[in-house]
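Visitor: Hi! I have this protein open for the first time and could use a hand finding my way around. Shall we have a look together?

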Amino acid sequence: VEGRVAIVEQKTSDHAAALDDLAERITELGNAVDSGTGVKPGDLQEATKEIEGVRREAREAMCAAKDVEQYGRRNNIRIRGLSLDEGVSCRTAVKNFVGTKLQTEITEEDIEIAHILPSQPSDTTAATSRRDGPPAIIVKFRSREVRDAVLKKRRALKGTRYTVVEDLTALNSKTLTRVSRDPNVASAWTWNGKVIALLKTGDKITVRPFQSFLCFGLRVNIQNEF
């Protein structure tokens with residue numbers, strides 16, 4: 001997985017460099033057209049089409065990298081609102097929390113890793129957490145089945161200070177945020193790394209990063225993640 005991520009990230013970097021080169025070329029062509037030095041407006045249009053093509057390829061590469069990274073997080077969840085008592089380990093706290101709040105019995109052996117996530121201002125997940133609440137805890141289970149069993153009980157936390165969410169990549173997290181804020185969306189959530197939206201029309205759709213709602217028949221232009 002790490003090898004595949006590295007390859008896709010390199011492709012994304014190459015596309016970003018190509019975009020920079022093309023952007024500089026368009027600027028030069030635009031200046032040349034304005035100064036009347038013999039450059040035709042068609043040259044500028046051709047360069048614009050080229051940069052759009054590279055941008056599309058770059059986004060596809062970013063989505064591919066996101067899919068690989070999200071797959072690597074398939075056994076993970078994040079718990080918000082859970083305070084740790086002194087002398088109690090994260091694994092023990094998570095086990096007790098799942099048993100009492102989610103009514104799901106697990107053992108500490110079901111948990112491979114559990115630790116507190118450091119809060120960073122640039123972290124989308126941290127920014128959306130409660131300001132005065134305890135930091136989020138990331139949990140990696142040893143099996144997908146246990147993780148899914150825990151996630152399926154998260155509705156029991158509605159109205160409490162606790163939330164249980166999937167461990168999303170930065171790109172998926174930004175996609176979920178923009179979809180949730182759209183006026184056409186009644187609610188939005190994720191399952192297995194896919195962003196799902198329930199529209200106010202009653203339709204349920206799966207939204208990919210950079211995807212506009214225009215493709216779903218809604219005359220709304222949602223801003224891209226980047």
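Visitor: Let me jump right in: how many bridges join E5 to E6?

Guide: E5 and E6 are joined by 6 bridges, and the two strands run antiparallel. Keep in mind that this is a predicted model.

Visitor: Which residue stands opposite Lys194 in that pair?

Guide: Trp191 stands opposite Lys194, which belongs to E6.

Visitor: And what happens in the hairpin of E5 and E6?

Guide: The hairpin has 2 residues between the strands. Asn192 takes a positive phi there, near 55 degrees.

Visitor: What is the strand order in the sheet with E5 and E6?

Guide: The order is E5-E6-E7, in an open sheet of 3 strands with antiparallel pairing. E5 (185-191) and E7 are the edge strands, each pairing on one side only. From one strand to the next, the twist averages 30 degrees.

Visitor: Over how many bridges do E6 and E7 pair?

Guide: E6 and E7 pair over 4 bridges, in the antiparallel sense. If you want a spot to click on, Ala197 stands opposite Ile205 in E7.

Visitor: Let's zoom out. How many helices and strands are there in the protein?

Guide: The protein has 6 helices and 7 strands. Starting at the N terminus, the elements run α-α-β-α-β-α-β-α-β-α-β-β-β.

Visitor: What share of the residues counts as buried?

Guide: Of the 226 residues, 37% count as buried.

Visitor: Which residues are buried in H6?

Guide: In H6 the buried residues are Leu171, Asn172, Ser173, Thr175, Leu176, Arg178 and Val179. The helix covers residues 170-181, so to speak 12 residues, and it reaches 17 Å from its first C-alpha to its last, close to the 16 Å expected at 1.5 Å a residue.

Visitor: New topic, pockets. How much space lies in the second largest pocket?

Guide: About 250 Å³ lies in the second largest pocket. Its lining has 17 residues, and Asp67, Gln70, Asn192, Gly193 and Lys194 lie nearest the pocket's centre. You have already met Asn192 in the hairpin of E5 and E6.

Visitor: Which elements give two or more residues to that lining?

Guide: Those are helix H2 (41-72), helix H5 (144-151), strand E6 (194-199) and strand E7 (204-207). The largest share, 4 residues, comes from H2.

Visitor: How do the lining residues divide into nonpolar, polar and charged?

Guide: The lining of the second largest pocket has 4 nonpolar, 5 polar and 8 charged residues.

Technical notes:
Residues are numbered from 1 along each chain as its sequence is written. This is a predicted model: local features need pLDDT of at least 70, side-chain atom pairs count only at pLDDT 80 or more; totals for chains, interfaces and linings use all residues. Side-chain values use heavy atoms; hydrogens and water are left out. On a 1 Å grid over the protein atoms alone, a cavity is a set of points where a 1.4 Å probe fits but cannot get out, and a pocket is an open set with protein on both sides within 12 Å along at least five of seven lines; lining residues have an atom within 4 Å of a point. Grid points are joined across faces, edges and corners, and a volume is the space filled by probe spheres set on the points. Ala, Val, Leu, Ile, Met, Phe, Trp, Tyr, Cys and Pro count as nonpolar, Asp, Glu, Lys and Arg as charged, and the others, Gly among them, as polar. The expected span of a helix is 1.5 Å times one less than its number of residues. Buried means under 20% relative accessible area, exposed over 50%, partly exposed in between (1.4 Å probe, protein chains only). Two strands pair if DSSP finds at least two bridges between them. Axes are lines fitted to C-alpha atoms, for helices over the stretch in contact, and angles run from 0 to 180 degrees between N-to-C directions.
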